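Please open the model in your viewer and keep the sequence panel beside it, since each stop on this tour begins with a selection and then says what is found there.

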Amino acid sequence: MEYELGFALRNAWLILAIPFLSFLLVGLLVRPLSEKAAGIIATLAVFASAAFAYAMAAEFLTLGAATGWKTFVPWSFEWLRFQERMAVHIGVLVDPISILLLVVVTTVSSLVHLYSLGYMHGEAGFGRYFTFLNLFTFSMLGLVTAPNLLQMFVCWELVGASSFCLIGFYFDRPSAVAASKKAFIVTRFADLGFLLGILILGYFGYQVAGEVGGTRQAFDFLFLTDPVVMGKLNAIGAGILGIPVLTLALCLVYMGGAGKSAMFPLHVWLPDAMEGPTPVSALIHAATMVVAGVYLVARLFPLFATSGDALLVVGYIGAFTALFAAVIACTQDDIKRVLAYSTLSQLGYMMFALGVASVEHPLGYTASMFHLFTHAFFKALLFLGAGSVIHAVHSNEIWRMGGLRRKMPVTHLTFAIATLAIAGIWPFAGFFSKDEVLAAALGSGHYGIFGIGLLVAGITAFYMSRIYFAAFWGGARTEGASHAHESPVIMLIPLVVLAVLSVVAGFFPIGEFVRFGAGHGAPHGINPAIAAAGTFAGVLGIGLAWAIYGSGGTARAEALARAFGGAYTVVRRKFYVDELYLFVTHKIIVRFVAAPIAWFDRAIVDGGVNLSAKGGRLFGFALGSLQTGQVQAYGSWFAGGAVLLVLVLWGLQ
Amino acid sequence: MLMLPELIVVVTAFALLVVDLLVSERRKPILPMIALAGIAAALVAAWMLPQSGQLLGGRFAVDSVSRWFRIIFLIAGGLTIAVSADSLNGRGAFRPAALSSRAEFCLILLFNLAGMLFLAGARDLVTLYVSLELATIPLFLLAAWRRDVESSEAGLKYVILGALGSAFLLYGLGVLYGLTGEMRLEAMSGALRAGPAFWLGVGMVVAGVGFKLTLVPFHLWAADVYQGAPTQVTAYLSVASKGAGLALLFHVLYRILAPLAPHWDGVIAVLAALTMTVGNFAAIVQKNIKRLMAFSAISQAGYLLLGFLGHDGAPGRGVAAMLFYLLVYVVTNLAAFAVIIWYSGETGREKIEDYRGLSKTHPLMALAMMVALFGLAGIPPLAGFVGKFFLFSVASKAGLHWLVGLAAINSTVSLYYYLGIVRRMYIEPAGAEDRAVRVSPMLATVLAITTLASVILGVVPVFFETISFQTADWLKGTLW
Amino acid sequence: MGLLSWLILLPFLTALAIVFTPGTRKSLIKWIALAGTGTHLLLTAFTTWRYWTLAAPDMAEMRTARVMKLYLVERLPWFDSLGIQYFLGIDGISMAMVILTSIIIFTGVLASWKVEERAKEFFALLLLLVTGVFGVFLSFDLFLFLMFYEVAVLPMYLLIGVWGTGPKEYSAMKLTLMLLLGSALLIVGFLGLYSVSGLQTFDLTRLAEVSFPAGFQKWAFPAIFIGFGVLGALYPFHTWSPDGHASAPTAVSMLHAGVLMKLGGYGALRVAVYLLPEGAKDWGLFFMALTTINILYGAFGAITQKDLKYFTAYSSVSHCGFVLFGVAALNLMGMKGAVLQMFSHGVMTGLFFALIGMVYGRTHTRMIPEMGGLGKVMPWLAVCFYVGGLASLGLPGLSGFVAESHVFLGGFFGNPWGSMVAMRTLTVVATLSVVVTAVYVLRGLGRVFMGPVTDPHFHELKDATLTERISTGVLVATLAAVGLMPWLLIDLIEASIMPIVNRLHS
Amino acid sequence: MNGQAASTVFFYVFAAVSVALAVATVISRRILRAAVALMGVLATSAAFYVMLDAEFLAGVQILVYVGGIVILLVYAVMLTRSSELIEDRPSGRRRGAALAVSTLFFVAAAGAFVASRFETLRPGALTVSGTTEIGRRLLDQGSTGYVLPFELISLLLLSVLIGGVVIARTNPDKGEDAK
Amino acid sequence: MIEQLATMAPGPLHWLVLTALLFAIGTYGILTRRNAVGVLMAVELALNSGALNFVVFNRYVAPAGVDGQIMSIFVIAVAAAEVVVGMAIFVVLFRHRQTVDVTRMNRIRD
């Protein structure tokens, strides 16, 4: 490498090593000795990672400003060698988006760790919790910095597993167990697509690498996004069903991303995942892991852009999910579920932002990353705030809260900031990123998507204000709510920090370095028309919510629900998607596939074995029936056999 | 000198008669020991004598194959006397299983043994026929020796079917004589030409041999006779008599029919396939252990037959494998029979289920039995595996892969019923009435020797190598 | 007496020592067994080091080799007239398998610490069985191979029959007979190799120099492959496996599923594909299809099982399918994946059966619906179970992923001798198992360990004892070590697989 | 010429008688009658031997077979019981099977003989009388002698005698025949 | 007439057909007689035809020797031995069963 690297970039392996070693240390050595120490050490380690990530970011920004925004791998080693040109190098890939994600992940993670020290205080399995959190942080960092598809997949699975462990943290609660299983299996199903995509890309990448020559590895992003390679991959032509191979592969890869980012119809696991402890929801199911799908698409964006069609799929599914989830969010009563659907909706935003981007109109790419960046902060904040509330009220139900405004001032304030941020009100972070997303959609000529985006912005403002009003305004509706009090300081610090970030993050000039294509990065700035439309939608939503829920009573809401009638029920039941899944998995797979196979195995295959044994015995009995004890019968067989032998010999000669 | 082993056996037999008259009743247990000593001496003689040579102008000859047959016969005979000694001396707790008239029993057994020895050395039709009858007719008497209903019924069946078989053999030999005008095997071999009458002769001779060897479909007598005869005799029948049949078949195929060798592979293969399959499948439904061993012995004859395959290239290989397996089979089968003789001699029980819990009451006996049964099934590292493998390799060399497959599958089937016994012994608990019974030193010695041998023969190569080397020597000359 | 002979002899001598120990001194017997297997583990480590120092310089040259290179060779004439030798050697594949076996038997002895009934016979037979297994992995004379092969199979009958549970006699008999029927096919095939080659030798390395006639390969390959496949639980010859495993005592299930079933894949790779490349080319696709059925069938079969052992056994059927699938893919990645999967599945399933034994020893039931919430009562066992489960569903960081990714890539990359579309389709179908495995693993384990404690008696149960912790800990550590540092194994085996691949391409 | 014609006639006559008696032997239900018929068959066989220039053999046949064996058989019949003198008819199935087998045998054998040619392979005639030659050969130890089988047959007869006595004697010890 | 008879003079074929017929009858007897002694008689028939066979061949194929005749002598002796053994066994059996009907000797069977 021709330019000099700073300490942090030269020792980039530390970004992975710190949380990993801490995970091993905490999990194997410290936890059995002291649960409390485990929590503290884990938190410290993540803070150290965060510090290191900032150092890396600083070095990278300096370097990038000087030499241009290069993508490079400062550290790697061969981990898994499938065959020549198919080796997997574990390493750290540095480019603008990985640095961006590094910062986001370490920041949110360290804050959540800190918050958890308070939130999880006194829980059984305190040490276990932090072990898993550390594992998650490690895996997520590995995912973010993956220099090749395989490391991405590896860490992808690992974040899934740690998410599984954390959703099922309260493992004596059947609902938590079910939710963790569901999350794992649904994302696993999606990962099947990812895996197939890897197989296809690997195979053709291997072929192309052979043509190109040299020692390049087929799985490396740097190789796959090389223009020459992309050209060759695009030229392969039709695979099955007339779909070009590249498009097919990318759609499959996107299936993995869609699973992790909970795009429709693979979204079903995310709302249930709220069974986990709330800080987990904040970290994993709002700020970091779920954006992995977006990140994956962004990472492979040059390929998607080359394919084109795959990107359209991404865009439309994203837009649909954004709307779909937003609508559901309006009807949910569980505060975490509302936030979960809101997450879904916002992820849809990020996805369609990517989907509308193209080589000619690359703004969506930047917008998506920008929204990812801001969303991480305010969504984490929302969750942590919700956690604080739940911690105080001991309930998730918004109708069991109310009037918390005074009892929990800090929580209330930060929650309000976050609500405004997500609603897209100036000067909060969400305003800027949402504006850019909408601008990207409009700019690239996807008017339909733009329309949906605008609509969703309004709905978002509505349902967020709805829970905000329901929880914090009006009077306490239950015993728990009336006895609520503010959370301990250790939980409030992260809230405040995140609140600050939610305010300032929008001013961060991400567009300066996160962009696609060399020369024509979209100018970073506010398009007044779009800003006005977005703000209008947001204010409209908030106003509507105020009108219905501002009083803190439920009467108007119920009247409204009655007015919508059947449509309301359908939405409230989440369009019955869960029921459909349940039907398919339990009824069809278990009853019509698994059980028949088990029966077939016992009855037919094993039955066949037993039957042949029985046949052998029958043959034995049949032979025994010759043994009549009649000596002359034996003699007849003898003489007959002898004559037959003679005839056979004679005949055969 | 070449006839020394035979002479020793005959002389021992006569000596028994004399001693029987001279010693008191109390001292008579010495008689089986004398017989045993005689056989041992003959064994030494057979081992020490030159590997080839002839007497009486070529009417009696020894070559390496005959020599090994003689050694195996002597081992079989010796072990039979050894395992019978207790019952002959009336030691068993179960009185009806005892054998009377020990001097006469030993005498007849020794004469019979001498018949087999002569059979191995015979080189003309007359000697062949007479020694074969000497090796057969006394067995009818032995089968009926216990003189109870079952034993005499076994004798009756044996004598009638034996006579039928003998008549067929005789007629066939007559036809072969007619085709050549010669009595000496070598001369016959030179003069034989294939033709309808030739096939008539061969077919009838093979049927006669098949009776002795219990080849399917000439095997039906075996189960009833084995079951009815005194167990000691059953043991002897299953090894020695079968060995004699093999020696006879060897004479017929390699000495008389040698020039026509390429013709017989198919027939031998079919007979072998039938024999092992029928024997094994009939065995799996048996409840009486002697009857089971009868069918097991039938199937073993099928394996032994494989040694006659593979005419082109190296017939000696097959012979070596056959001789080796015969030796292994003799040792292993007698080990199994030693346990059966002991158990039925002490308790009078012969059902397979009577063996339940034997590993608890008599761990070592159960172990010996298990080793023997596994040896018969061909489980490594026991000699049975090695021997069978060599025989299979003969069939494979002959290109009869299907037969190898069938034989190997049959081995597995046989394991089913052998394991049935093992299951009774090891897995099922002993009944309340099952108590420990005596084990005599003689029996223990026999079992120790045979069990050890059935391992050593498989692991230490020198035995097979010697047989193989010597039979290869035999090949280097003519087929003589 | 070379190092390899000692590897085989050591368990045998341990068994002998146990035989001559009075049966009443049960704890002495266990300590002897532990000492023997522990020493064996050390010896294996030493052998690995020796092997590595000898083989490392040759690795580069092996990339193009067509004849396998063996190390630490011991060769003595045995049944010389038939060309049978006492011929031991080791290469990377064998080395990996020996390491696996050594680990499994060591942990198996620890996991059997509670065996009291006829302990002497139990441990003696167990060690005898392992002797056979080591013999198979180290012998390169087909006769010797077969001999050890059957020695490894037969003690199983008594081990299951005497110490087993449930319909043990039936299971033991079925298992023994089916496996030996498989070995009957092997006998046909091996003898065919011997006689058709015309070389008068069973020496695997010399037979590898022969080009067997195509007509012979056409039938000999499936015979040998299926012969090994029976032991490798190839569909539809797998039915001995669920019953056998369910009835067998803990250590026996461990050894059997962990090691013995690997003999199948090992032999299929080493003998069938290596010696009969043309046959492999003809039949590769067929066996890929059959093993695809294996993979999915086992996985689906596992979903509805109620008995933990049946559950694991069906999962084994599925996982062993990967082994043979990889072999049938006939390329470097597939075969490497097969060996890796053998190792991985060996450790994983050993862990499973050990844990099932431990759980059963406490709850006295193996029925999944009767259990629940055990994670609260026995966290150690639960964690180990989950690690095993995650390994079995191919979670990266554990060994299963390394193996399965190889196998999938291998299948997808295919080979020039079959229809690419068919091979890819089969691979895609096989990948479905990734999801199904997740379903059954999580369902099963969730029922047993998660949720509220269903039976008040469970509260009185204790977590793992020290021996159990060591035993399961070693296995879990192995799973993680392979998963995190796959290059350790890959470097070991890759150079030894190249000759097989190169021979296919020559 | 005339002598040969006579011997031809003799052959056919004796052959017919022999076959008829043989059939009588196997189907007569009176066992003594069968014994007599057997004696007749064996006697005609002696005549055949004479026709085949084996006069010594004819003598042996009469002495040993007709004299010894048949008398032994008759004796055995007498030893058993009078009710055994008339035999039950064998079952139809048994007779059918036996008839089929023996007919098949006859057809096969006769067919084989018809299809083959037996020529004189070792022509010539004995210079001494057959009886002398037989005697010499039985005691000859050289390459043409049969002294070994001659000795062996004595062993056979001895063992049969001893064994026969052991088997057939009544109640040698107590309990033996209890069953 | 005499000429005609001369052309029908028995050659080896005639003799062989005769022995085959006798043997077949003997076989039939062995397989059908119910009295054990009767079975033994049939055995004698078969053995006799076997012996006759040898003499026929001796006469026609190898008239220079007496080998066939010697074989026949041994056959006669063997037949005698067989009868003795058979008799002894029948006697014992008769003592147990009061019959020598071979079709009733089927206590031992499957």
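Begin by selecting L56(B), which sits in the loop between β1 (53-55) and β2 (60-62) of chain B. This is a predicted model, so the angles and contacts named on this tour are computed from predicted coordinates. The backbone at L56(B) has a positive phi of about 50°, although the residue is not a glycine. Is L56(B) buried or exposed? With 22 other C-beta atoms within 10 Å, and with 20 or more being enough to count as buried, L56(B) is buried.

Stay in chain B and select residues 30-48, which form helix α2. This helix has 19 residues and reaches 27 Å from its first C-alpha to its last, close to the 27 Å expected at 1.5 Å a residue. Colour its buried positions next: L31(B), P32(B), A35(B), L36(B), G38(B), I39(B), A42(B), L43(B), A45(B) and A46(B). An α-helix has 3.6 residues a turn, so residues three or four places apart point the same way. Against which helices do the buried residues of α2(B) pack? Showing α1 (4-22), α3 (64-88) and α4 (102-121) of chain B brings up the partners of those buried residues.

One more selection in chain B is the pair V216(B) and P217(B), where the peptide bond from the valine to the proline is cis, with omega near 5°. To place P217(B), look in the loop between α9 (196-213) and α10 (220-228) of chain B.

Now turn to chain A and view it whole before selecting parts of it. Its C-alpha atoms fill a box of roughly 110 × 65 × 55 Å, taken along the principal axes, and the chain has 28 helices and two strands. Of its 653 residues, 60% count as buried. If contacts in chain A are restricted to residues at least 6 apart in sequence, 80% of them join residues at least 24 apart.

Within chain A, select F264(A) and P265(A), which are joined by a cis peptide bond with omega of about 0°. P265(A) belongs to the loop between α10 (245-260) and α11 (269-272) of chain A.

Move on to H394(A), in the loop between α17 (363-393) and α18 (404-407) of chain A. H394(A) has a positive phi of about 60° and is not a glycine. Its surroundings hold 14 other C-beta atoms within 10 Å, and H394(A) is therefore partly exposed.

Next, display helix α7 (residues 174-212) together with helix α9 (residues 227-234) of chain A, whose axes come within 10 Å and cross at roughly 125°. Because of that angle, α7(A) is oblique to α9(A). The crossing of these two helices, α7(A) and α9(A), is right-handed. To see where they meet, show F204(A), V208(A), E211(A) and V212(A) on α7(A), and V228(A), V229(A), K232(A) and L233(A) on α9(A). By class, this contact has six nonpolar, no polar and two charged residues.

Keep α7(A) in view and add chain C, since the contact between the two chains takes 36 residues from chain A and 39 residues from chain C. On the side of chain A that touches chain C, β1 (72-81), α6 (149-167), α7 and α27 (577-624) each supply at least two residues. Which of the elements of chain A gives the most to this side? It is α7(A), with 13 residues. The residues on this side of chain A divide into 25 nonpolar, three polar and eight charged.

Finally, hide chain A and show chains D and E, which share the most contacts of the eight pairs of chains in contact. Their contact takes 67 residues from chain E and 80 residues from chain D. On the side of chain E that touches chain D, α1 (2-7), α2 (12-32), α3 (36-60) and α4 (67-97) of chain E each supply at least two residues. The most comes from α4(E), with 21 residues. This side of chain E divides into 51 nonpolar, ten polar and six charged residues.

With chain C added to this view, two separations can be checked. Chain C and chain D do not touch, their nearest C-alpha atoms being 37 Å apart, and chain C and chain E do not touch either, with nearest C-alpha atoms 25 Å apart.

Definitions and conventions
Residues numbered from 1 in each chain as written. Chains lettered and ligands numbered in written order. Predicted model: local features only at pLDDT ≥ 70, side-chain atom pairs only at ≥ 80, totals over all residues. Helix = DSSP H or I, 4+ residues; strand = E, 2+ residues; numbered from the N terminus. Expected span 1.5 Å × (residues − 1). Buried ≥ 20, exposed ≤ 12 C-beta atoms within 10 Å, placed from the backbone. Contact = placed C-beta atoms within 7 Å. Nonpolar A, V, L, I, M, F, W, Y, C, P; charged D, E, K, R; others polar. Axes fitted to C-alpha atoms, helices over the stretch in contact; angles between N-to-C directions. Parallel < 35°, antiparallel > 145°, perpendicular 65-115°, else oblique. Left-handed = near helix turned anticlockwise from the far one by under 90°.
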